[in-house]
Amino acid sequence: MIAGINNSRMPKFVFRHNDLDHLEELLSKGDPNRMKIVAIESVYSMTGTMAPIQEICDLAHKYNALTFVDEVHAVGLYGYYGAGLAEEQGMAHKIDIISGTLGKAYGLVGGYIASTGALVDVIRSYGSGLIFTTSIPPSTAAGAVASINILAQQEGRELRLHHRAAYTLLREKLLESWIPCPRLS
């Protein structure tokens, strides 16, 4: 995501971590006629904290900005079907572009973006990371379908519950040992 932003050679503005006031300040200063994208991770990789997706999307759309949510640390682990934090929070419909990975919870390689056909075509045509990448092989695609099917069913919901219980136990043990650990929600 960061490489894509840097490769765009467009001006970028970084708002403070989950700071909605700062995001609005930056958006309000922008040219209302210029294309803007608010790009976030749903679950931040370095801290494990979660983004306030609804509030960020509402602010972005208020200022006519597209929303891009990177769900790579959330797919398979959050949501009734394992589609990510946006699904769990009922906010997927507010997001213009969602990216995810077939690695991590799905146990494969590769990734995806989900959006309108027009936006996918633009990203496919101008994103060097996609233009110069070979498509995934059929065996990986079949593995992805199998993993998604498992994580979208009852077995996946049970795995997510087990994961959350393991996280809670680990967090309690770390805190008992005076090791700081952020709360995810």
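How many positive and how many negative side chains does the protein have, and how far apart do the centres of the two sets lie?

## Charge and surface

There are 16 positive side chains and 18 negative ones, and the centres of these two sets lie 4 Å apart. Keep in mind as you look around that this is a predicted model. The protein exposes about 11,600 Å², with carbon and sulfur atoms supplying 61% of that area.

## Overall build

Eight helices and four strands make up the list of elements here. Following the sequence, you meet them in the pattern α-α-β-α-β-α-β-β-α-α-α-α.

The C-alpha trace spans about 50 × 45 × 25 Å along its principal axes. The radius of gyration is 18 Å, which agrees with the value near 16 Å for a compact globule of 185 residues. Of the 185 residues, 34% are buried. Among contacts with a separation of 6 or more, 60% are between residues 24 or more positions apart.

## A closer look at strand β3

Strand β3 covers residues 97–101, and five of its five residues are buried, so the strand is largely enclosed by the rest of the structure. I97, S99 and T101 point one way from β3, while I98 and G100 point the other way.

## The neighbours of β3

β3 pairs with strand β2 (residues 66–70), running parallel to it, through three bridges. It also pairs with strand β4 (residues 111–114), this time in the antiparallel sense and over four bridges.

I98 is a handy residue to find on screen: V69 has I98 as its bridge partner in β3, and I98 in turn has A114 as its bridge partner in β4.

Note on methods. Residues numbered from 1 in each chain as written. Predicted model: local features only at pLDDT ≥ 70, side-chain atom pairs only at ≥ 80, totals over all residues. Heavy atoms only, no water. Helix = DSSP H or I, 4+ residues; strand = E, 2+ residues; numbered from the N terminus. Rg over C-alpha atoms; globule rule 2.2 N^0.38 Å. Buried < 20%, exposed > 50% of the residue type's maximum accessible area, 1.4 Å probe, protein only. Contact = heavy atoms within 4.5 Å. Areas by Shrake-Rupley, 256 points an atom, 1.4 Å probe, with all protein chains shown as cover. Lys, Arg positive; Asp, Glu negative; His and termini not counted. Charge placed at Lys NZ, Arg CZ, Asp CG, Glu CD. Pairing = 2+ DSSP bridges.
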